[in-house]
Amino acid sequence: MPVSAQVNISRMLGQQAERVMALGEWEERWQQDRIGFHQPTVHRMLEKNLDKVLNGRTGVRFFFPLCGKAIDMKWLADQGHSVVGVEISEKGIQQFFEENNMTFSEEPVPEIPGAKVFRNPEKNISLYQCDLFQFSSSIAGRFGAIWDRGSLVAINPKDREKYAALIVSLMDNDCRYLLDTFLYNPDQYRGPPFFVPDEQVRSLFGSSCNVELLQSVDALTDRQRDWGLDSFMENIHLITLKNSSATK
Ligand code: SAH
């Protein structure tokens, strides 16, 4: 990459580097129903790329970091996969089960003070109500697939290295990790979702993983125009551990 392009990317990343959304701000958004990120239908990028994620496997354990009440979780569970999600908003988790007509149990999580896990055993869905950074493989093991939509792009930019290390630690040897990111001009909008260039995806995951850009689509709608953006690209990456069986 030319030096001028590198300088430009660093400058663009610098625009949002200090942005911080406290956990309480996210909970407040849920309390006030300001959840414009929630989609009423299965995410088109998941639908389009599911074959690549499954790679012929059935009954895959999916991890949803920062899961919200994404209906993608029910869609995958209906296909016989199991789902573990992590979300700070208890309201969001309860709405997920209620809106999908599922009963749920509620238990404390001994390893994480104050955390709770909400489960529907018939559908094999377990949603942990806690800060993602309190979660680890000692709580629910490692995963065969990860769907990262509104997660890397939603955590605070300064936490990205910590986030990548956590996600890699949750990947089973054959894990196929589908990551959705956004490209836009951070001079025009401060996020979230935050701007995550492909160069940074490679620098975050490239030392331990293969990173493949599957698709790049124009995703500009009135929602982004209202934020002040005139361009908004959505990129989808497939990430697998180096030397793993998932790449074969
Ligand atoms: N993936 C979901 C939600 C994306 S919005 C979807 O596609 O709809 C980001 C979500 O992460 C919000 O619901 C917010 O409450 C939650 N969140 C933000 N930071 C978090 C953290 N550190 N730990 C757990 N949840 C968090």
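This short presentation describes the largest pocket of a predicted model and the ligand in that pocket.

Colleagues, the model is predicted, so to speak of its conventions: local features need pLDDT of at least 70, side-chain atom pairs count only at pLDDT 80 or more, and totals for chains, interfaces and linings use all residues. Residues are numbered from 1 along each chain as its sequence is written, and side-chain values use heavy atoms, without hydrogens and water.

I begin with the pocket. The largest pocket has a volume of about 1100 Å³. A pocket here is an open set of points on a 1 Å grid over the protein atoms alone, where a 1.4 Å probe fits, with protein on both sides within 12 Å along at least five of seven lines; lining residues have an atom within 4 Å of a point. The volume is the space filled by probe spheres set on the points. Of its 50 lining residues, W26, F37, R149, G150 and A154 are the closest to the centre. The lining comprises 29 nonpolar, 10 polar and 11 charged residues, with Gly counted as polar. Helix α2 gives the most, 4 residues; helices are DSSP runs of H or I, at least four residues.

I turn to the ligand. The space it takes is the largest pocket, meaning that more than half of its atoms lie within 2 Å of the grid points. Its shell (a heavy atom within 4 Å) has 14 residues, with W30, L66, E87, L132 and R149 the closest. The largest share of this shell, 3 residues, comes from α2.

Ligand nitrogen atoms lie 2.7 Å from a polar backbone atom of L66, and likewise 2.7 Å from one of R149.

Key:
Helix = DSSP H or I, 4+ residues; strand = E, 2+ residues; numbered from the N terminus. Polar contact = N/O pair within 3.5 Å; in protein donor to acceptor, adjacent residues only side chain to side chain.
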